[in-house]
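Q: Could you take me on a close look at one part of this protein? I would like to follow the strands and what lies around them.

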Amino acid sequence: MAVDRVPVLKRCRSLDLDPVFLGIDKKSNRKNQKMQRKLSEYGTQLREKQKAKFIYGVLEKPFRNYYAKAERMEGMTGENLMIMLESRLDNVLFRLGWARTRREARQIVDHKHVAVNGKTVNIPSYLVKAGDKIEIREKFKASQRYKDVLEITGGRSVPEWLESDKENLKATVNELPKRAAIDVPVDEMLIVELYSKN
């Protein structure tokens, strides 16, 4: 599996991204040393794609597959793409506040801590659907890990499209998110423009 070894804050600086969107409270004190050159149109589009990939922790090939799927769906391609990325199981756990970061959420899913509709799911890219019931499996609920995480993420607001029972680590997907409810600083139209050139 490909591993991105670039420090997170350094990557955030290069993408002009606030680490808060990754669930990280640290701030980088360093300013970007390079002279801020004006990006070309292609450079701007590429940066938006890299930002989306970095925020959701998706590699190039799966990202391209999401895009191809979004193109085949009804509605606007860019919105469909963002809704699909937001519906990933690892992102949903992050949104529920059951993980500090999406990376941690991915690890929780990988380690078979999560059940969807009563079945264990260990695929972070699993796409949830409206009506899905998500929970941390019974044998992991009492672990100190989740108490610590909930203490840190307690102030994080859960989006309206999800219903969370933090006490019992259970949640319901009320509906799929609408683009307006997705608070990531990505201009998906630039991603569509980038891919439509290929």
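A: Happy to; here is a walk through the sheet, followed by a stop at one histidine.

A word on the ground rules: this is a predicted model, in which local features need pLDDT of at least 70 and side-chain atom pairs count only at pLDDT 80 or more, while totals for chains, interfaces and linings use all residues. Residues are numbered from 1 along each chain as its sequence is written, and side-chain values use heavy atoms, with hydrogens and water left out.

Let's start with the sheet. Five strands make up an open sheet in the order S2-S1-S3-S5-S4, with antiparallel pairing. Because strand S2 (119-120) and S4 stand at the edges with a single partner strand each, one side of each has no neighbour in the sheet. Helices (H or I, at least four residues) and strands (E, at least two) are DSSP runs, numbered from the N terminus, and two strands pair if DSSP finds at least two bridges between them.

Now to the edge strand S4. Strand S4 (residues 162-165) runs antiparallel to strand S5 (residues 170-173), and four bridges join them. Asp 165 stands opposite Lys 170 in S5. S4 and S5 form a hairpin with four residues between them, and Leu 169 in the turn has a positive phi of about 50°.

Glu 163 is found in strand S4. Glu 163 is partly exposed, with a relative accessible area of 48%; buried means under 20%, exposed over 50% and partly exposed in between (1.4 Å probe, protein chains only). Not counting residues up to four places away in sequence, Glu 163 touches Lys 170, Ala 171, Thr 172 and Asn 174, where contact means heavy atoms within 4.5 Å.

S5 also pairs with strand S3 (residues 133-136), in the antiparallel sense over three bridges. Here Ile 134 stands opposite Ala 171 in S5.

Finally, the histidine. His 113 is found in the loop between helix H6 (102-110) and strand S1 (114-116). His 113 is buried, with a relative accessible area of 10%. Leaving aside neighbours within four places in sequence, His 113 is in contact with residues including Glu 135, Ile 136 and Tyr 146. The side chains of His 113 and Tyr 146 make a polar contact (2.6 Å). Such a contact is a pair of N or O atoms within 3.5 Å; within protein, one must be able to donate a hydrogen and the other to accept it, and residues adjacent in sequence count only if both atoms are side-chain atoms.
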